[in-house]
Amino acid sequence: MGKIGLFYSFKSKKTAKIAGIIHNAFSGVEVQLVNVDEVHKEQFLEFNQMIFGVPTWFDGELPNYWDELLPALEDVDFSDKKIAVFGLGDQKGYAENFCDAIGIMTTFFEEKGALIVGNFPLEGYTFERSKAVKDGQFRGLPLDQENQARLTHKRIENWVEIVKKEFN
Amino acid sequence: MKVLHDMPVEKIFTIKNTDKELLKKWLYLMTVGRIIDEKAPNYLKQAIGWSYHAPYAGHDGIQLAIGQVFNREEDHLFPYYRDMLTNISAGLTAEEIILNGISKAADVTSGGRHMSNHIGKPEWNIHNVSSATGNHTLHAVGVARAIKYYKGKGVAISSQGESSVSEGYVYEAINGASTEELPVIFVFQDNGYGISVPKKDQTANRKVANNFTGFKNLRIIHCNGKDVFDSINAMTEAKKWSLENQHPCIVQANCIRIHSHSNSDRHDLYRNEAELGYVLESDPLLKFKRMLLRYERLTKEEIHEIVEKAKEEVKLAHRSAMASPDPDPASIYDFIIPEPYPASKYPEGIHNFAGEKKKLIEGINETLKAEFRLNPDTFIWGQDMANKEKGGIFNVSKGLQQEFGPARVFNGPIAEDFITGTANGMSRYNKKIRIVVEGAEFADYFWPAMEQYVEMTHEYWRTNGKFSPNVTIRLASGGYIGGGLYHSQTTEGTLSTFPGIRIVYPSFADDAAGLLRTSIRSMGPTLFLEPKALYNSPTAATPIPDDFEVPFGKARIRRSGTDLSLITYGNTTHLSLKVAERLSREGFNIEVMDIRSLIPLDKEAILNSVKKTGRVLVVHEDKVFGGFGGELAGIIGEEAFEFLDAPVRRVGSAFTPVGFNRILEAAILINEEKIYIAALDLLKY
């Protein structure tokens, strides 16, 4: 497994905390932390395996730091890249768009040629609708710190195992 | 199969491909808007005005977008009280916004009559809407009906906050647009609050637009109302789709409310620091500027230049608006209701025609048909209006649909507010249009339409004479049919308390025909009350000249006398005539005056009758307490006291609901015997 880029906002709180846990779960693997608030598109080209941390804001939106960045990546070819996405959401308070941001991100990068890895089963989640769901599974790792915080560590552990295999 | 709500929205405008001049224009409009939005509270602090200001900051993307897709030549726009940037984006100047805010005479919306922040420009089809938030959805549907009928090229765009979607009339509007397949765009600007009420307390669905997913012919688009490009793309798609398909569309725009609801609200009482912080971080204007810089579409210097230009425009606008005159207090009686059709063929509303007698129902039916033949821009709808041989709940409109077709004569849903509100809306399309509605199956069921009734009475005054709905509201009224509580009500006591509408209540076939003709031909709204107990009554039947017309405000003496005046209208005209006849056999000479028209009222005729007889009995079917007779008695007492030989008396129904059992009904409604006793008392006074 080559070097992994772990992209998230260093200004974020919950997402940054989860990124830290994921970072630790990849012990023994070189993971470089990249601050999305200041990132340039060239930095994406430095990695063949990337993990993106993306919470869902409001009623199903990307946070500003990702939303304002994506147009810069429209012309980038990601066809030799593997991308895994995790995101925080609230399946009770925002059941209509639980972790939509995962779906927005994976759709975008898939259209740019990336291979999306780290699909995750729906079991254990209760929500109404999510752009993160495709073919009966999540396209990344949804985490719900508002309602299921006690499941977070186990979910990360399981997901990291999946991602590790698919990054290889 | 295409799932309408999942259809993609084409990304026509992006930060990278949008023309630079257009980006500069958008930034300019957004900056002008934001400067005024932030400056508005200062006018209140300095006691200049703008006592109601609902800041739009946080809605910038969607409001810019609404104004940009609006075409004043073809579309109709109904902005709500938070839509300041929508108006600026649609073309209003900073000065026009400030003139509205500080309620100056030159305010293009209403000349300072309407509440500040309710911005519009009727001559551009940017309609001046009510403070009853969301009720303009019905007007948008009504005008869209006209757009479709006349094959117009535009759409109606209605804008509102997400909380006002809770109002029942919004459901009625969307249901109607879906049923009639009309080109309306309903924009829900969702900032999460109705003043302090979070949207979870409005409806179970976080995205209220999704409550409507089961509606046919309706597309729902969600967008980020904080993002200029997402909003412009959503509105562009909505308009294109609505025009191409002639169907309605909802655009739900997720916004944030950066400030309090208005300047009478304090959002720190119900929003925590974290929330207040993240809404500030999501400021749409700051995001737009960041994007312009990040993608090198504008330089810092270019942005600075635009901001300075905007500041200058607002500064000059402020100076000019401050120097502009206030409204003249002497103008308060201007534009209450437009001048009516003069009805000059029969200046007193009386004829000598001696042809075949026709029933009251025939008089109305034949007048409707005659007016519909004469004016191709006439329309009628209501519940039970037309289905095969049925035409109206009492068959008053029988045969109209067969002759004039379903586009001009059609059924409405069981939604009185919709029936009335879409009449108001449709008549906005052009001044030729004349609309008749059966406001409800029975007058008793008109109460759900009260809000649109009030609205109709406000329009002409509120727009400073720029718009008045040309609508005749027909209501089958009154009792004496064994109808109980909800098929017996007389409503004029309540409905006559609103300035801005004419009210007539004929009691004979010829007057019904003549007043209906005048109502339909007049500008402005008329409430046409029909005594349904008399529809087929031989005593109400009269000869009717084909061209008969009765001017408003002309009472008719149905029996001349010198001893006592019975002032009456509707069903009780006939009871009064019978009493007069009975008393004449006892040697009294009784005058019976049918006022016919409650607003305007023929005061002169009433006072002349009082001067002649010196005794007055006001007779009406409605309850004495709170009935229209109180006004009549008050006027007579004030203006003809010295001519009176006895106190003015009133008789009417008991102050109870109307019972269903005929024994109860008879005990409650006014009858011949009660009128007789009161009249005799007065004669002997």
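Hi everyone, this is a short walk through one sheet and two helices in chain B. One thing to keep in mind is that this is a predicted model.

Let's start with the sheet. In chain B, 5 strands make an open, parallel sheet, and their order is 1-2-3-7-6. Strand 1, residues 76–78, and strand 6, residues 219–224, sit at the edges with a single partner strand each, so one side of each has no neighbour in the sheet. Going from one strand to the next, the twist averages 15°.

Now look at one pair within that sheet. Strand 2 of chain B, residues 156–161, runs parallel to strand 3, residues 184–190, and 6 bridges join them. If you want a spot to click on, find B:Gly161, which is opposite B:Gln189 of strand 3. Packed on this sheet is helix 2 of chain B, residues 60–69, which touches strands 2, 3, 6 and 7. The direction of helix 2 makes about 160° with that of strand 3.

On to helix 5 of chain B, residues 136–149. Its 14 residues reach 20 Å from first C-alpha to last, close to the 20 Å expected at 1.5 Å a residue.

So, how many residues of helix 5 are buried? The count is 12 of 14, so to speak a mostly covered helix. Among the buried ones are B:His136, B:His139 and B:Arg145, along with B:Leu138 and B:Val141. And what covers them? The cover includes strands 1, 2 and 3 of chain B, together with helix 6, helix 13 and helix 14.

Last stop: just past the end of helix 5, B:Lys151 has a positive phi of about 55°. Thanks, everyone!

Key:
Residues numbered from 1 in each chain as written. Chains lettered and ligands numbered in written order. Predicted model: local features only at pLDDT ≥ 70, side-chain atom pairs only at ≥ 80, totals over all residues. Pairing = 2+ DSSP bridges. Helix = DSSP H or I, 4+ residues; strand = E, 2+ residues; numbered from the N terminus. Axes fitted to C-alpha atoms, helices over the stretch in contact; angles between N-to-C directions. Contact = placed C-beta atoms within 7 Å. Expected span 1.5 Å × (residues − 1). Buried ≥ 20, exposed ≤ 12 C-beta atoms within 10 Å, placed from the backbone.
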